[in-house]
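Trainee: Please take one buried position as a starting point and examine its surroundings closely. I would then like to see how the other local features and the chain as a whole relate to that view.

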Amino acid sequence: MLSRIYIKNFALIDTLEVSLNNGLQVITGETGAGKSIILGALRLILGERADVKSISKAEEKSVVETEFALNNQFKKFFIENDLDYEHQTIIRREILPSGKSRAFINDVPVTLDILRELSSKLIDIHSQFETSNLFTSEYQFKIIDGLSENKKLVEDYQNEFSDFQSLKTQLKKYQTQLLENNKESDYKQFLLNELEELQLDDVDYEELQNQLSIQENAEMISENLAQVLSRFHQEEVGILSFFNEAKNKLSKIAEVSTSFAELDERLETSFVDLKDIISELENESEKIEINPANLALLSELNNKINSLLIKHNVSDVNELKEIRDQLSGDQKEASELEETIAEIEENISAKEKILQSLAEKLSKNRKKSIPIFIKKAENLLKQLGLEKAKVDIELQDSSEFNPFGKENIQLLFQANSGFPLKPIQTAISGGERSRVMLAVKKIIAESDDLPTLILDEIDTGVSGKVAEEIGNLMREMSKDMQLIVISHLAQVAAKGNDNYKVVKQDIAGKTQSTIIPLSDQEKLNEIAQLLSGSKITEAALAQAKELIG
């Protein structure tokens, strides 16, 4: 129940505070007094967009604060959102001069999503301009699902449907990605094959260049090595022979003079090194083989590598390996993508079975409740002066799942006898809308847990006996919930458990709006004024007393 409203620095309101009670709370006031401003402020509590233009004093923040009396059924929401539960819970919205807005629940900052989620469970504001809701599938399903006690089923279905939609979105994304990959797949596979055939992990490019150069110059290398080795090994005139002779002579000198010992050792070391070099040259010489077939293989491998270096615009084999690995990864990714798609398709199929089962249960319950809705609605409409009105709800199977099941809904209406029922949006007149909406709100209120309903001039365009019946209906609705009604009808005002009036006055040269609770006498005078106009007559007072009863 909404127990208190506090508004500060909002449009024409400087400061406003009012306490409300349970039952039927009726708010009256002249056109332009500021009733719509109060509703506009309350809509901020519902999470609607804040407008810095609503701030009256530009240098100060604007505040809208409401207090709700809650029962324990709301504890779960507070626990799930890490909020402090209070029986008297305060919801506040602030608009800063900068244009930014902030939301609080029991002084804890919250996001607008959390604010909306809680406030939607506490309060519903409906104005005369919102009767078009009747024409939407969402609202029509809400009517019949409330009667069908489908709340838990609808929640389960919509959770599954949300997952189902998410899976379909993923499937489309991956299918598009696979399609794009497949467009280049053949060419990428060709490039990958080219690179894999070279077995680049086994290739030492520098050694390849060396071996190729050796093979290309094998004859020249072999001839020169033979000549070098011949110079070393020629008898009597060979380098080794001369070197050995020189070493022996120096050794004899070193034996008689220590001055040459170091030089003798150095020459000995050089001689050992020279012999080692000659040995290695002989080994290399033996390896040199003029092999045209091997030269052809090396040339072919080198040409292929050079060709791919140019083709891929890179400078070394390591970069070719990176390209190969990337191409291999792309092809593997495509394979994994196909597996992922197959898995998602399986999940979608499984989800469809769950949705089908839930949708069938929803439909079965709805069909059982349609006769109940028809009876309730037609009785209420008769009470509201539409004696001949007929209604029906038509459910049609759908080939696709939607947010409400696997069927479409159509609310049918006809105000006059002898004519076929038609979709309500084409059959209802402006004067009938408010009464049909009120009847629907009454039916919803019976099955909904909503603590507070605000009706803004939903009774516009009616008078006399119908107005009286609207007042009676609102009074009846208020037995199960807090009903706050903004009205110009004396017949409705007379039924209020508590009455309030929105007034506009000039204070210090500035027009301001506020709301005041009415005493019994003030309520009587207000109803009389609604009946007679600005001048209250004795006849109007007498009629007002009669309306109050």
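Mentor: A residue is called buried when its relative accessible area is under 20%, and exposed when that area is over 50%. The model is a predicted one, and every value below is computed from it.

The part I have chosen is Ile 143, which belongs to helix α4. Its relative accessibility is 1%, and Ile 143 therefore counts as buried. What is in contact with Ile 143 once neighbours within four places in sequence are set aside? The partners are Leu 134, Phe 373, Val 440 and Ile 444. A further distance relates Ile 143 to another stretch of the sequence: Glu 378 is 235 residues away along the chain, yet the two C-alpha atoms are 14 Å apart in space.

The end of the helix offers a contrast. Helix α4 covers residues 137-148, and Glu 149 lies in the loop that leads from it to α5, residues 151-197. Is Glu 149 buried or exposed? Its relative accessibility is 71%, and Glu 149 therefore counts as exposed. The backbone of Glu 149 also deserves attention. Most residues other than glycine have a negative phi. Glu 149, which is not a glycine, has a positive phi of about 55 degrees.

Asn 106 likewise combines a loop position with a positive phi. Its phi is near 50 degrees, again in a residue other than glycine, and its loop connects β6 (101-105) with β7 (108-110). With a relative accessible area of 14%, however, Asn 106 falls under the 20% limit and is therefore buried.

Strand β6 leads back to its partner β5, with which it pairs in the antiparallel sense over 5 bridges. One point of that pairing is Ile 95, whose bridge partner in β6 is Ser 101. The two strands form a hairpin with 5 residues between them, where Gly 99 takes a positive phi near 105 degrees. Strand β5 itself, residues 88-95, is mostly covered, since 6 of its 8 residues are buried.

Strand β5 also pairs with β4, in the antiparallel sense and over 8 bridges. Here the bridge partner of Glu 67 is Ile 90 of β5. Strand β4 spans residues 62-69 and includes Thr 66. Thr 66 has a relative accessible area of 1% and is therefore buried. Beyond its neighbours within four places in sequence, Thr 66 is in contact with Leu 2, Arg 4, Leu 42, Ile 45, Thr 89, Ile 90 and Ile 91.

Leu 2 and Arg 4 direct attention to strand β1, which covers residues 2-10 and is joined by 6 bridges to the antiparallel strand β2, residues 13-19. Among these pairings, Lys 8 has Thr 15 of β2 as its bridge partner. The β1 and β2 hairpin has 2 residues between its strands, and Ala 11 in the turn has a positive phi of about 55 degrees.

Another hairpin occurs later in the chain. Strands β9 (residues 390-402) and β10 (residues 405-414) run antiparallel and are joined by 9 bridges. In this pair, Gln 396 has Asn 408 as its bridge partner in β10, and 2 residues separate the two strands of the hairpin.

It remains to set these parts within the whole. The protein chain contains 17 helices and 15 strands. Its radius of gyration is 47 Å, well over the 24 Å that the globule rule gives for 549 residues, so the chain is more spread out than a compact globule. Along the principal axes, the C-alpha atoms fill a box of roughly 155 × 60 × 40 Å. Of the 549 residues, 42% count as buried, Ile 143 being one of the buried residues. Of the contacts between residues at least 6 apart in sequence, 69% join residues at least 24 apart. The exposed area is about 30100 Å², with carbon and sulfur atoms supplying 48% of it. Finally, there are 64 positive and 95 negative side chains, and the centres of these two sets lie 15 Å apart.

Note on methods. Residues are numbered from 1 along each chain as its sequence is written. This is a predicted model: local features need pLDDT of at least 70, side-chain atom pairs count only at pLDDT 80 or more; totals for chains, interfaces and linings use all residues. Side-chain values use heavy atoms; hydrogens and water are left out. Helices (H or I, at least four residues) and strands (E, at least two) are DSSP runs, numbered from the N terminus. The radius of gyration is taken over C-alpha atoms; the globule rule is 2.2 Å times the number of residues to the power 0.38. Buried means under 20% relative accessible area, exposed over 50%, partly exposed in between (1.4 Å probe, protein chains only). Contact means heavy atoms within 4.5 Å. Accessible areas come from the Shrake-Rupley method with a 1.4 Å probe; for residues, only the protein chains shown count as cover. Lys and Arg count as positive and Asp and Glu as negative; His and the chain ends are not counted. The place of a charge is taken as NZ of Lys, CZ of Arg, CG of Asp or CD of Glu. Two strands pair if DSSP finds at least two bridges between them.
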